[in-house]
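Work through the exercises below with the structure open. Try each task before reading its solution.

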Amino acid sequence: MNRLLSSAVSGLLTLTIMATFAGQSFAQNRTSGNNNAPAAGTPSGSQLGNYRNERADGWIPLEPEKRQAINTDLQATVVELIELFHDAKQSHWNLRGPLYFPLHENLQEYAETYLKYSDLLAERQLQIGQPADGRTETVVNTANLPKFPGGFLSDRQVLDIMTERIYTVAKRVRARIESTGKNGDEVTSNKLQDLSYELDKQVWQFRVHMQ
Ligand SMILES: [Fe+2]
């Protein structure tokens, strides 16, 4: 009986020691990466574990030579939409005048559209293997729209300024529908068409106040 108990205890001890070593070795693997880790300076999600698979680099839907041109069009649109988002919110808050209520509502809706499409197009950049850059510094330096006025804004002023800005971006997006199509990415071109419809609608809804 005693011998049986002692053998069971010793078996349990051995199992516990083995599990402890296995746990330590797993933890070491997770922290030290693995032999297939990418070269230094190329941060990768796979560094968090042993997930690295060279074939994953081939699972990008667009041929490498096409990616840069498509990414340029996507990145330009993303920063313009982030800028328009800030412009719409700035106008939504500081608006004054008899058209306050309908414009206040419109501007909120437009801001949500800009956010939705900036996210969708930024994620398209990642789908084609490129990083997205939505930093405030990048938006200021590359959105290529005039500086937006601070302080209170009259309803008439907002109609003028916002219609012109939305129209400018809508025109650029239309050109990018063509260039992304020509450069061989119908999917991005198609998403830009959807955005183009929204921007044209916004221009129309503001333009009619002034006609
Ligand atoms: Fe609000």
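**Exercise 1. Count the helices and strands of the protein and give their order from the N terminus.**

Solution. The model is a predicted one. The protein has six helices and two strands. Read from the N terminus, the order of elements is α-α-β-α-α-β-α-α. Next, take the overall figures. Of the 211 residues, 23% count as buried. Then take contacts between residues at least 6 apart in sequence: 73% of them join residues at least 24 apart.

**Exercise 2. Check the end-to-end distance of helix α3 against the span expected at 1.5 Å a residue.**

Solution. Helix α3 covers residues 100-127, which is 28 residues. The expected span is 1.5 Å times one less than the number of residues. For α3 that should come to 40 Å. The C-alpha atoms at its ends are 40 Å apart, so the two agree. Now look just past the helix. G129 follows α3 and takes a positive phi of about 85°.

**Exercise 3. Find which residues of α3 are buried and what they pack against.**

Solution. Start with the list. The buried residues in α3 are L103, L107, Y110, Y114, Y117, S118, L121, A122, R124 and Q125. Then find their partners. These buried residues pack against two elements that precede α3 in numbering, α2 (64-94) and β1 (95-96). They also pack against α5 (155-182) and α6 (186-207).

**Exercise 4. Describe how α3 packs with α6 and with α2.**

Solution. Two packed helices are described by the angle between their axes and the distance between the axes. Take α3 and α6 to begin. Their angle is about 165° and their axes are 11 Å apart. An angle over 145 degrees counts as roughly antiparallel. That makes α3 roughly antiparallel to α6. The crossing of α3 past α6 is left-handed. On the α3 side, the contact is made by N106, Y110, T113, Y117, L120, L121 and R124. On the α6 side, it is made by T188, K191, L195, E198, Q202 and Q205.

Now take α2 and α3. Here the angle is about 160°, with the axes 8 Å apart. The two helices are therefore roughly antiparallel to each other. α2 also passes α3 in a left-handed crossing.

**Exercise 5. In the largest nonpolar core, identify the residues that touch the most other members.**

Solution. This core has 31 residues. V78, L81, L84 and Y114 touch the most other members. Next, sort the core by element. At least two residues come from each of α2, α3, α5 and α6. α2 gives the most, with nine residues. Follow one of the named residues outward. Beyond its neighbours within four places in sequence, L81 is in contact with Y114, Y117 and S118.

**Exercise 6. Place L153 in its strand and trace its contacts.**

Solution. L153 sits in strand β2 (residues 153-154). Apply the burial cut-off: 20 or more other C-beta atoms within 10 Å. L153 has 23, so L153 is buried. Set aside neighbours within four places in sequence. The contacts of L153 are then S91, N94, L95, R96 and V158.

Now compare sequence and space. W93 is 60 residues from L153 in sequence, yet their C-alpha atoms are 9.0 Å apart. Q90 is 63 residues from L153 along the chain, with 9.1 Å between the C-alpha atoms. Q90 belongs to helix α2. Q90 has 20 other C-beta atoms within 10 Å, so Q90 is buried too.

**Exercise 7. Is Q68 buried or exposed, and how far is Q68 from I128 in space?**

Solution. Q68 lies in helix α2. Q68 has 11 C-beta neighbours inside 10 Å and therefore counts as exposed. Along the sequence, Q68 and I128 are 60 residues apart. From C-alpha to C-alpha, they are 9.3 Å apart in space.

**Exercise 8. What is notable about the phi of N144, and where does N144 lie?**

Solution. Begin with the general rule. Most residues other than glycine have a negative phi. N144 is not a glycine, yet its phi is positive, about 55°. Its place is the loop between α4 (136-142) and β2. Finish with burial. N144 has 12 other C-beta atoms within 10 Å, so N144 is exposed.

Definitions and conventions. Residues numbered from 1 in each chain as written. Predicted model: local features only at pLDDT ≥ 70, side-chain atom pairs only at ≥ 80, totals over all residues. Helix = DSSP H or I, 4+ residues; strand = E, 2+ residues; numbered from the N terminus. Contact = placed C-beta atoms within 7 Å. Core = buried A, V, L, I, M, F, W, Y, C linked by C-beta atoms within 7 Å. Axes fitted to C-alpha atoms, helices over the stretch in contact; angles between N-to-C directions. Parallel < 35°, antiparallel > 145°, perpendicular 65-115°, else oblique. Left-handed = near helix turned anticlockwise from the far one by under 90°.
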